[in-house]
Amino acid sequence: KPTLKHARTLQLAPGVTTIIKCADKPQLAVWLQQQAILAALTLPRLDSEPETSWLARVMQDMKETGKKAAEEGTRIHAAIQSHYEDLPVPADYEPHVEGVERHLLEVCGKQEWRSEVACVNMLGYGTKADLVGDSWLVDFKGKDGDQATLDALDTYDEHAMQLAATAAALGKDIAHAGIMFVSRTHPGACRMVGIDNNELARGMDMFRA
């Protein structure tokens, strides 16, 4: 992972997500609070255990939950990337990939997809596009829950910022953009939520700020 020394020496640019992380994420704060509450409910305080020790155990359990979710999301993302690069897909993740492929065909039609396209913008940032088609830009997000849970999801401002900044870095006109939510807990469940041009324009204004 590059350090500030590397960045200064090699003139590296920050990534889109690094820039977006500069702003507060209220929805993430709520999720972290919920995980802390759930951890506290499942980890009762031991007899004579100091409060500081109990709180440390709760915090560690909460971090492990988030870490495991992130790691599973990374594995699913890697499997999807492998599929679109004509590489073998681990058997455990074939249902995830099949669900994504089927849903992309339903929503986007036939596209010549390219995966993990690296791009940089003269504003001074770089990124990778998860999936770029003839007329679509798609970013994948892992979520817990079944199809009904995914169907109820909506996008956040950060999603519009990320897609808009990526489209600008690609330097091509993108007719359609969307976030593909992929379930970490129910293989095959997924849902695309489109972000229209007005939302993308607003997202780019926010990202520039």
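At 2% relative accessibility, tyrosine 125 counts as buried, because residues under 20% are placed in that class. This residue belongs to a predicted model, in which 38% of the 209 residues of the protein count as buried. The protein has eight helices and five strands, and along its principal axes the C-alpha trace spans about 65 × 45 × 35 Å. Read from the N terminus on, the elements follow the order α-α-α-α-α-β-β-β-α-α-β-β-α.

**The aromatic pair**

- A search of the whole structure finds one aromatic pair, and tyrosine 125 is a member of it, with phenylalanine 207 as its partner.
- The ring centres of tyrosine 125 and phenylalanine 207 lie 4.9 Å apart and the ring planes stand at 75 degrees, so the pair is described as edge-to-face.
- Distant parts of the chain are linked by this pair, since tyrosine 125 sits in strand β2 (residues 125–132) and phenylalanine 207 in helix α8 (residues 197–208), 82 residues apart.
- Phenylalanine 207 has a relative accessible area of 8%, and it is therefore buried.

**Strands β2, β3 and β4**

- Strands β2 and β3 run antiparallel and are joined by two bridges, and they form a hairpin that has three residues between the two strands.
- Within this pairing, valine 132 has leucine 137 of β3 as its bridge partner.
- Strand β3 (residues 136–143) also pairs with strand β4 (residues 176–183), here in the parallel sense and over eight bridges.
- In that parallel pairing, valine 138 has glycine 178 of β4 as its bridge partner.
- Six of the eight residues of β3 are buried, so this strand is largely enclosed by the rest of the structure.
- As background to reading any strand in the model, the side chains of a regular strand alternate between the two faces of the sheet.

**Helix α7**

- Helix α7 (residues 157–170) has 14 residues and reaches 20 Å from its first C-alpha to its last, which is close to the 20 Å expected at 1.5 Å a residue.
- The helix is mostly covered, with 12 of its 14 residues buried, and among them are Glu158, His159, Met161, Leu163 and Leu170.
- As background to reading any helix, an α-helix has 3.6 residues a turn, so residues three or four places apart point the same way.
- After α7 comes glycine 171, whose phi is positive, near 70 degrees.

**Salt bridges**

- A search of the whole structure finds five salt bridges, and three of these are described below.
- Such contacts rest on a general point, namely that side chains of opposite charge can pair when their charged atoms come close.
- One salt bridge brings together the side chains of lysine 141 and aspartate 139, at 3.1 Å from N to O, and both lysine 141 and aspartate 139 are buried.
- Another salt bridge is made by the side chains of arginine 184 and aspartate 144, at 2.9 Å from N to O.
- This pair links distant parts of the chain, with arginine 184 in the loop between β4 and β5 (190–195) and aspartate 144 in the loop between β3 and α6 (147–151), 40 residues apart.
- Aspartate 144 has a relative accessible area of 42%, so it counts as partly exposed.
- A further salt bridge joins the side chains of aspartate 157 and arginine 202, at 2.9 Å from N to O.
- Here too distant parts of the chain are linked, because aspartate 157 lies in helix α7 and arginine 202 in helix α8, 45 residues apart.
- Both ends of this salt bridge fall in the partly exposed class, with aspartate 157 at a relative accessible area of 38% and arginine 202 at 47%.

**A nonpolar patch on the surface**

- Leu28, Trp31 and Leu32 form a nonpolar patch on the surface, and together they have about 250 Å² of accessible area.
- Leucine 32, a member of this patch, is placed in helix α3 (residues 26–42).
- The relative accessible area of leucine 32 is 37%, so this residue is partly exposed.

Notes:
Residues numbered from 1 in each chain as written. Predicted model: local features only at pLDDT ≥ 70, side-chain atom pairs only at ≥ 80, totals over all residues. Heavy atoms only, no water. Phe/Tyr/Trp six-rings, centres within 6.5 Å; stacked < 30°, edge-to-face > 60°. Helix = DSSP H or I, 4+ residues; strand = E, 2+ residues; numbered from the N terminus. Buried < 20%, exposed > 50% of the residue type's maximum accessible area, 1.4 Å probe, protein only. Pairing = 2+ DSSP bridges. Expected span 1.5 Å × (residues − 1). Patch = residues over 30% accessible without salt bridge, like charges linked within 9 Å, V, L, I, M, F, W, Y side chains within 5 Å. Areas by Shrake-Rupley, 256 points an atom, 1.4 Å probe, with all protein chains shown as cover. Salt bridge = Lys/Arg side-chain N within 4 Å of Asp/Glu carboxyl O.
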